[in-house]
Amino acid sequence: MNSERSLLQVRAAKHAALGDPSRLRIVDLLTLGDLSPKEIAVSLDMPSNLVAHHLGVLDSVGMVGRSRSEADRRRSYVQLTPSALEGLVPSPVDEAARVLFVCTANSARSQLAAALWAQHSAIPAVSGGTQPAEQIAPGARDAAQRHDLTLTDETPRHLDDVATDADFIVTVCDSAHETLSPRGHLHWSIPDPVRVGDDAAFDTAYDELERRISELAPRLTLTR
């Protein structure tokens with residue numbers, strides 16, 4: 001617990017340092033290459049004393065270091081430290097043997113989610129519904145075809161027929177989430193495209209699932 005709190009404090013300090021636009025611009029430049037303080041001043045049209053102040057703040061949180069020029073020992077170059085950007089994005093959240101996407105009918109959102117997950121992660125994925133429909137919604141099949149996506153399940157299945165205690169569960173509709181609560185799971189509140197029925201609604205659901213999956217997938221590791 002203490003180590004977790006310490007990590008959060010380090011992350012918070014870095015975020016606080018980058019809360020100033022000038023320091024954020026300096027870090028942006030340093031992601032591309034090393035620069036002398038004078039070069040930073042010229043690039044950002046900033047007084048040298050202000051550059052020194054901002055570099056001091058970045059140094060205090062361990063984001064920058066300096067190396068002496070081998071050609072002109074009077075000159076130094078500022079560079080990002082190897083750990084400069086660590087902790088600026090959320091850290092891994094869990095291990096999972098399998099990801100289970102759940103919606104009510106298992107006819108659109110959860111089907112698309114399971115298929116999308118397979119494009120982003122080696123962790124297996126399945127889908128299920130709390131009240132499964134008789135077939136996958138035609139709009140979901142059409143959306144999958146438009147995006148060159150192969151749906152993983154041929155027919156909707158009930159959650160109880162596919163779920164295991166080891167699954168990492170993600171609900172992708174409010175009804176399924178409220179049905180499963182307080183059972184532990186992640187929830188993504190994504191509007192039901194079947195209710196609207198047009199291509200735009202299914203494409204919107206697809207895009208939102210794609211965005212959320214691309215953010216979650218790197219944060220889950222396969223259970224060994």
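**Exercise 1. Classify Arg-195, then examine its salt bridge.**

Arg-195 is exposed, because its relative accessible area is 75%. The cut-offs are these: buried is under 20% relative accessible area, exposed is over 50%, and partly exposed lies in between (1.4 Å probe, protein chains only).

Next, the partner. Arg-195 forms a salt bridge with Asp-192, and the closest N and O atoms are 3.9 Å apart. A salt bridge needs a side-chain nitrogen of Lys or Arg within 4 Å of a carboxyl oxygen of Asp or Glu. Asp-192 is partly exposed, because its relative accessibility is 23%.

A note on the source. This is a predicted model, where local features need pLDDT of at least 70 and side-chain atom pairs count only at pLDDT 80 or more, while totals for chains, interfaces and linings use all residues. Residues are numbered from 1 along each chain as its sequence is written, and side-chain values use heavy atoms, with hydrogens and water left out.

**Exercise 2. Find how many salt bridges the whole structure holds, and which residues form a network.**

Step 1. A search of the whole structure gives ten salt bridges.

Step 2. Shared partners join Glu-208, Arg-211, Arg-212 and Glu-215 into one network.

**Exercise 3. Compare the surroundings of two further salt bridges, Arg-74 with Asp-72 and Arg-146 with Asp-199.**

Step 1. Between Arg-74 and Asp-72, the closest N and O atoms are 3.1 Å apart. Arg-74 counts as exposed, because its relative accessibility is 74%. Asp-72 is partly exposed, at 25%.

Step 2. Between Arg-146 and Asp-199, the closest N and O atoms are 3.4 Å apart. This pair links distant parts of the chain: Arg-146 sits in helix α6 (residues 138-146) and Asp-199 in helix α10 (residues 199-216), 53 residues apart. Helices (H or I, at least four residues) and strands (E, at least two) are DSSP runs, numbered from the N terminus.

Step 3. Arg-146 is partly exposed at 36%. Asp-199 is partly exposed too, at 42%.

**Exercise 4. Describe the aromatic pair of Phe-101 and Trp-188.**

Step 1. The structure holds two aromatic pairs. In one of them, Phe-101 and Trp-188 are tilted, with 6.0 Å centre to centre and 45° between the planes. Rings of Phe, Tyr and Trp (its six-membered ring) pair if their centres lie within 6.5 Å; planes under 30 degrees apart are stacked, over 60 edge-to-face, and the rest tilted.

Step 2. Phe-101 lies in strand β4 (residues 99-103), and Trp-188 in the loop between β7 (186-187) and α9 (193-196), 87 residues apart.

Step 3. Both Phe-101 and Trp-188 are buried. Ring pairs link Phe-101, Trp-117 and Trp-188 into a cluster.
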